[in-house]
Amino acid sequence: MPDAARATKPTPQPPATSGEAAFFDVDNTLMRGASLFHVGRKMYQRRAFTLRFAAGLAWKQLRFIMRGETMTDVNSVRDAALAFAIGIAHEDILALGEEVYDEMIASKIWPGARALADHHLSSQRQVWLVTGTPVEVAGVISSRLGLTGALGTVGEVVDGLYTGKLVGDFLHGPAKAAAVLALAERENLDLQRCWGYSDSYNDIPLLTVVGHPVAINPDARLRRHARANNWPVYDFRSGRRAATLGLRAATVAGSVYGLWRGFARFRSR
């Protein structure tokens, strides 16, 4: 398996159904919003970067929740995260992953997505996360949910410190499909008997390498593609049909107020 998609496999599992597995994207699929945003939020709490950068992350998180991911936002968050990672200790990120899960991610897990993962586990299938999130954080999420393991983006570490470079590719788009193909070869999986779950049109390469693709909380393009190809669609976003405009207005107002309060507290200090 390529180092760019290093697998963590922390949880002992019962004998798996031969050749079958389920692959879950994380952001907006397994959980609401972007996991990397919460990593950034925790780093801001530790004074790792400025309020201006934190506000930029918050704005991208809001747009992501409302309309799904765009490559511009994905690439900008990736580049910024790599730049700020330079010189950070690897062991600190491992510890930070535990804190981020307990304080921010656990409450964001979609119950419906969790139920799907649990169903696969009870059917003795392997369940893997496949995400652009740092593999250290993805591994914590997988372990806490009792999943088989995680494929995530790998940052280069030299002498225990991040260099700001990647080992291989950022795990996104076609790179996810390549990572799953490599994992399937290693684990002797029959991909035509496997499931894939994602919210994003950018994950079409991943969804098309499995026999059972499923769209969860899909963006507009993935929804159209799923309908055209008769893929199952699950939407766990409450009130999506009934009060879209009201929810958006409330969310924007709350975010603006939160940023203002944060800035006020920052200035007062």
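# A guided reading of the predicted model

The buried residues of helix H6 are Val135, Glu136, Val137, Ala138, Gly139, Val140, Ile141 and Ser142. The structure in which they lie is a predicted model. Because eight of the ten residues of H6 are buried, this helix is largely enclosed by the rest of the structure. After the helix comes glycine 146, with a positive phi near 70°.

One residue of H6 leads directly into the interior. Isoleucine 141 touches Val26, Leu30, Tyr101, Ile105 and Leu129, when residues up to four places away in sequence are not counted. Nonpolar side chains in soluble globular proteins tend to be buried together. In this model, the largest nonpolar core has 29 residues, and those with the most contacts inside it are Phe24, Ile105, Leu129, Ile141 and Tyr197. Several elements give two or more residues to this core: strand S2 (21–24), helix H4 (90–105), helix H5 (111–122), strand S3 (126–134), helix H6 (135–144), strand S7 (195–198) and strand S8 (212–216). A second core, separate from this one, has 18 residues, among them Ala175, Ala179, Val180 and Leu191.

The discussion now turns to aromatic rings. A pair of such rings is described by the distance of the centres and the angle of the planes. Two aromatic pairs are found when the whole structure is searched. In one of them, phenylalanine 24 and tyrosine 197 are stacked, at 4.3 Å centre to centre and with 15° between the planes. Phenylalanine 24 belongs to strand S2 and tyrosine 197 to strand S7, so their pairing ties together parts that are 173 residues apart in sequence. Phenylalanine 24 counts as buried because its relative accessibility is 1%, and tyrosine 197 is also buried, with a relative accessible area of 3%. The rings of tyrosine 234 and phenylalanine 236 have centres 6.2 Å apart and planes at 10°, so this pair is stacked as well. Here the surroundings may be described residue by residue: tyrosine 234 is partly exposed at 36% relative accessibility, and phenylalanine 236 is partly exposed with a relative accessible area of 24%.

Both of these aromatic residues are touched by asparagine 217, which lies in the loop between S8 and helix H9 (220–228). Is asparagine 217 buried or exposed? At 2% relative accessibility, asparagine 217 counts as buried. Its side chain reaches the backbone nitrogen of phenylalanine 236 at 2.6 Å. Leaving aside residues up to four places away in sequence, asparagine 217 touches Asn28, Thr29, Trp110, Asp199, Tyr234, Asp235, Phe236 and Arg237.

Helix H9 contains leucine 222, a buried residue with a relative accessible area of 0%. Its contacts, with residues up to four places away in sequence not counted, are Ser198, Asp199, Ser200, Tyr201, Ile204, Leu207, Ala215 and Trp231. The C-alpha atoms of leucine 222 and serine 198 are separated by 9.0 Å, although the two residues stand 24 residues apart along the chain.

Charged residues provide a further set of links. Side chains of opposite charge can pair when their charged atoms come close. A search of the whole structure finds ten salt bridges. One of them joins the side chains of arginine 144 and aspartate 102 at 2.4 Å, N to O. This pair links distant parts of the chain, with arginine 144 in helix H6 and aspartate 102 in helix H4, 42 residues apart. Arginine 144 is partly exposed at 35% relative accessibility, as is aspartate 102 at 48%.

Another salt bridge connects the side chains of arginine 223 and aspartate 235 at 2.8 Å, N to O. Arginine 223 lies in helix H9, whereas aspartate 235 lies in the loop between strand S9 (233–234) and helix H10 (244–268), twelve residues apart from it. Arginine 223 counts as buried at 11% relative accessibility, while aspartate 235 is partly exposed at 29%. In addition, salt bridges that share partners join Glu20, Arg125 and Arg193 into one network.

Finally, a hairpin deserves attention. Strand S5 (residues 155–158) and strand S6 (residues 161–166) pair in the antiparallel sense over three bridges. Valine 158 stands opposite leucine 161 in S6. The hairpin has two residues between the strands, and aspartate 159 takes a positive phi near 55° in it.

How values were computed
Residues numbered from 1 in each chain as written. Predicted model: local features only at pLDDT ≥ 70, side-chain atom pairs only at ≥ 80, totals over all residues. Heavy atoms only, no water. Core = buried A, V, L, I, M, F, W, Y, C linked by side-chain atoms within 4.5 Å. Buried < 20%, exposed > 50% of the residue type's maximum accessible area, 1.4 Å probe, protein only. Helix = DSSP H or I, 4+ residues; strand = E, 2+ residues; numbered from the N terminus. Contact = heavy atoms within 4.5 Å. Phe/Tyr/Trp six-rings, centres within 6.5 Å; stacked < 30°, edge-to-face > 60°. Polar contact = N/O pair within 3.5 Å; in protein donor to acceptor, adjacent residues only side chain to side chain. Pairing = 2+ DSSP bridges. Salt bridge = Lys/Arg side-chain N within 4 Å of Asp/Glu carboxyl O.
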